[in-house]
Amino acid sequence: MHIRVDFDNIITQIRPLHGVGQPPFVGANFEMFRYLSDAGIPFSRLHDVGGAYGGFRWVDIPNLFRDFSADPTDPASYDFTFTDLLITALTEHGVEPFFRLGVTIENQAAIKAYRIYPPTDPHKWAVICEHIIRHYTEGWADGFHYNIHYFEIWNEPDNYEDPMENQMWRGTKEEYFHLYEVASKHLKACFPHLKIGGYASCGFYAIKKEFVKDANSSPRKEYFLEFFEAFLAHVKKTGAPLDFFSWHSYSGLDSNRYYVPYARRRLDEEGFSETESICNEWNPIPRNRGTYKHAAEICANMLMFQKERLDAAMFYDARWGTSIYGALFHPETKLPYPAYYAFTAFNALYRLQNEVWLDADDTRAYAVAASDGKKGCILIANPTEEAIPLTLACGGKITRCLLTAKGENEKEIALPETLPAESILTIHLTR
């Protein structure tokens, strides 16, 4: 693999693609947030926070506003206690909350659903959301003036077409569209400077049949696309604001490199060229948790996201625990898994702000370079099981090389002649 870099040729900005989902904490102990600070994590999306049903304490609208019959303009109607602790801890560690307005998944909804029904009064629900936002951004109800910019209306209402099977939304798609229209218009009128969007789509898996021979689809995956198209049509028709469109993917790199441009293309085609495309749940092959293969796959995805015009991304997720989706920390030791170092590596690019021109002649590995004019960085991820010969022409002076591979995390080495299999290489330079 021969890599050429021109540090004087700025291409675009490095985007915040190393965000995460729910952060690592237990009870109200936030000591592990230091890892988020160390990795420069830009966002933590607040969905599924604190366990089943949000632990009945965190973030979810029914946790913050416990009696829907209460007065939404009265501070006494709200319980901000635990969510205040969480958001304060995140902001103190330099992580911006990406606030999901809605509820946590109810995995046992087939037995009984509690909070995933459509709000009985969408406008009142919007007014409740308004006051929650005022609490965290304008100081209302002994609140705060935090720089929280993104507010997302619900999560995966498209999870199943049949409401009785849906663990996120026990309503029709039309009922969701109405809630989104009412809430987004109200919130945007109240906060024109903030970013209002949704709907955390389950994803675009059904398009895989267009580019992979004999790829399987399903009625459920086809419904994801049907919902997406109907949502865009409704927003376009009603003029509801859509500052960002959020979507999810639990596919590997080969599929994600088609989903990212697909989302951007469809938004542009429908007139939403200013709408940000944000993948705020993604995890390539969660069963690889804890392996160097997973780390290299994650890093390669972030580098691909940078090349394919994705505006922001949040990995699912950074929780500490036994779930295979909590892929950054060991459930017993609390120490980072190899995947964590994909985020510290990408942050080396992000700190330099500007992506610069890079050319690589081997498509098996992914590479991006960045510079702030004085310092440079080249990040390379090899997610394959093959070692790849490496040569470099960049015009800078190499000051440090860090390798994550084969049982070593960010080991300082000389520039290698071969990029190891399932590895991440960070090359620091001065101009």
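**View 1. Strand β18 and its two pairing partners in the predicted model.** Within strand β18, Ile427 is the bridge partner of Cys401, and this pair belongs to a stretch in which β15 (residues 397-405) and β18 run in the antiparallel sense, joined over seven bridges. Strand β12 (residues 375-382) also pairs with β18 in the antiparallel sense, here over eight bridges, and Asn382 is found opposite Ser423 of β18. Seven of the eight residues of β18 (residues 423-430) are buried, and the strand is therefore largely enclosed by the rest of the structure.

**View 2. The open sheet that contains β18.** Eight strands make up this sheet, following one another in the order β14-β1-β10-β11-β12-β18-β15-β16, with mixed pairing. At the edges lie β14 (391-393) and β16 (408-413), each of which pairs on one side only, and from one strand to the next the twist averages 25°. Strand β1 (residues 2-13) pairs with β14 in the parallel sense over three bridges, and His2 has Thr391 in β14 as its bridge partner. Helix α9 packs on the sheet, where it touches β10 (354-360), β11 (366-371), β12, β15, β16 and β18, and the direction of α9 makes about 145° with that of β12.

**View 3. The largest nonpolar core and the surroundings of Phe343.** This core has 114 residues, of which Leu86, Phe99, Tyr176, Phe204, Phe231 and Phe343 touch the most other members. Helix α9 (residues 340-352) gives the most to the core, contributing nine residues. When neighbours within four places in sequence are left aside, Phe343 is in contact with His18, Gly19, Val20, Ala39, Ile41, Ile298, Met302, Phe315 and Leu328. A second core, separate from the largest one, consists of 21 residues, including Ile3, Ala367, Leu419 and Leu429.

**View 4. His135 and the residues around it.** His135 is placed in helix α4 (residues 122-137) and is buried, because its relative accessible area of 1% falls under the 20% limit. The side chain of His135 makes a polar contact, at 2.9 Å, with the side chain of Asp84. Not counting residues up to four places away in sequence, His135 touches Phe80, Asp84, Trp140, Ala141, Asp142, Gly143 and Phe144, so that Asp84 appears both in this list of contacts and as the polar partner of the His135 side chain.

How values were computed: Residues numbered from 1 in each chain as written. Predicted model: local features only at pLDDT ≥ 70, side-chain atom pairs only at ≥ 80, totals over all residues. Heavy atoms only, no water. Buried < 20%, exposed > 50% of the residue type's maximum accessible area, 1.4 Å probe, protein only. Helix = DSSP H or I, 4+ residues; strand = E, 2+ residues; numbered from the N terminus. Pairing = 2+ DSSP bridges. Polar contact = N/O pair within 3.5 Å; in protein donor to acceptor, adjacent residues only side chain to side chain. Contact = heavy atoms within 4.5 Å. Core = buried A, V, L, I, M, F, W, Y, C linked by side-chain atoms within 4.5 Å. Axes fitted to C-alpha atoms, helices over the stretch in contact; angles between N-to-C directions.
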